[in-house]
Amino acid sequence: MRPYTNGGTPVIEIMGVKKIYELGETEVRALDGVDLKIFPNDYVAIMGPSGSGKSTLMNLLGCLDTPTEGHYEFGGEDVADMTDDELADIRNRRIGFVFQSFNLLPRATTLRNVELPLVYAGIQTSKREEMAEKALEQVQLSDRIKHRPNELSGGQRQRVAIARALVNNPSIILADEPTGNLDSKTGEEIMELFDELHKQGNTIILVTHEDNIAQHAHRCVRLMDGKIESDIFVDKDEKALE
Ligand SMILES: Nc1ncnc2c1ncn2[C@@H]1O[C@H](COP(=O)(O)OP(=O)(O)OP(=O)(O)O)[C@@H](O)[C@H]1O
Ligand SMILES: [Mg+2]
């Protein structure tokens with residue numbers, strides 16, 4: 001086990017982050033003092049038992065949620081000081097999010113689902129279609145643009161979700177259990193897609209419960225009870241994840 005190190009400048013840095021939920025008398029410390037730096041072109045697997053805070057961390061990293069305590073810096077700037085427009089820009093253009101349950105609009109076609117972030121970004125229709133088609137090409141779904149989600153296989157749905165995350169060319173891709181609902185062969189295909197995106201220079205952070213999925217990453221962060229238990233290089237040759 002080699003502790004993860006990186007001499008570069010982090011693109012994301014969180015410091016002393018806590019997320020505490022108060023439910024009546026009980027308090028849930030979903031994150032309990034997390035320090036984490038994400039560097040450009042990192043390929044990180046976030047692991048840990050159910051309830052350890054993985055999704056909470058991903059939502060914070062993706063600026064979909066705010067911490068109860070602590071700091072978040074994106075590109076060296078404190079997110080707490082950002083305007084709503086600046087935050088929306090990070091969410092729309094800098095970070096792409098892939099969810100386990102795909103979160104596609106059931107009545108919309110593949111093309112319209114992928115276009116959605118561009119609608120929010122205020123991009124005009126013709127340009128939107130062109131960008132969505134390009135993203136769908138990247139995930140090899142050009143022949144399914146008119147299908148609706150229920151006319152697609154699970155792996156294809158996940159690829160639509162990945163195309164949607166890619167359509168704005170974000171440099172950072174966050175994926176919360178992207179292979180959790182897929183059989184192992186389809187899961188491997190999705191991972192090959194992430195490997196390719198990583199090769200192209202993207203930063204990838206994904207949550208997984210499976211060692212063979214985590215083996216695709218270069219870095220593995222383990223959470224336990226809302227705290228980072230370990231942060232190591234993934235050694236491809238040894239069984240470094242044990
Ligand atoms: N909205 C909420 N209100 C109260 N407690 C919450 C809320 N969201 C999450 N929690 C609690 O915070 C803890 C961390 O949840 P989180 O979803 O981050 O876990 P996880 O590591 O992603 O688990 P899993 O592997 O099951 O997806 C859990 O104990 C959960 O019950
Ligand atoms: Mg989760």
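**A guided tour of the predicted model**

Begin by selecting residues 69-74, which form strand β4, and then strand β5 beside it: the two run antiparallel and are joined by two bridges. What you have on screen is a predicted model, and this pair is a convenient place to start reading it. To find one of the contacts between these strands, pick glutamate 73, whose bridge partner in β5 is aspartate 78.

Next, widen the selection to the sheet to which this pair belongs, an open one of four strands in the order β2-β1-β4-β5, with antiparallel pairing. Colour β2 (26-38) and β5 (77-78) separately, because these two stand at the edges with a single partner strand each, so that one side of each is left without a neighbour in the sheet. As a general point, strands of a sheet pair through backbone hydrogen bonds, either parallel or antiparallel.

Now turn to ligand 1 and show the residues around it. Which residues surround ligand 1? The shell holds Tyr21, Leu23, Val28, Ala30, Gly48, Ser50, Gly51, Ser52, Gly53, Lys54, Ser55 and Thr56. Three elements, β1 (12-23), β2 and α1 (54-61), each supply at least two residues of this shell, and the largest share, three residues, comes from α1. If you colour the shell around ligand 1 by class, you will find seven polar residues, four nonpolar ones and one that is charged.

From there, select residues 95-98, which make up strand β6, and look at the two faces in turn. Are the residues of β6 buried or exposed? Ile95 and Phe97 on one side, and Gly96 and Val98 on the other, are all buried, and both faces of the strand are therefore covered. Add residues 172-176, strand β7, and you will see a parallel pairing with β6 that extends over four bridges. Within this pairing, glycine 96 has isoleucine 173 of β7 as its bridge partner.

Finally, zoom out to the whole chain, which has seven helices and 10 strands. Its radius of gyration is 18 Å, close to the 18 Å that the globule rule gives for 242 residues, so the chain is as compact as a globular protein of that length. Measured out along its principal axes, the C-alpha trace spans about 45 × 45 × 40 Å. Buried residues make up 38% of the 242 residues in the chain, and, among contacts with a separation of 6 or more, 71% are between residues 24 or more positions apart.

Notes:
Residues are numbered from 1 along each chain as its sequence is written. Chains are lettered from A and ligands numbered from 1 in the order in which they are written. This is a predicted model: local features need pLDDT of at least 70, side-chain atom pairs count only at pLDDT 80 or more; totals for chains, interfaces and linings use all residues. Two strands pair if DSSP finds at least two bridges between them. A residue is near a molecule or strand if its C-beta atom, placed from the backbone, lies within 6 Å of it. Ala, Val, Leu, Ile, Met, Phe, Trp, Tyr, Cys and Pro count as nonpolar, Asp, Glu, Lys and Arg as charged, and the others, Gly among them, as polar. The radius of gyration is taken over C-alpha atoms; the globule rule is 2.2 Å times the number of residues to the power 0.38. A residue is buried if 20 or more other C-beta atoms lie within 10 Å of its own, exposed if 12 or fewer, and partly exposed in between; C-beta atoms are placed from the backbone. Two residues are in contact if their C-beta atoms, placed from the backbone, lie within 7 Å.
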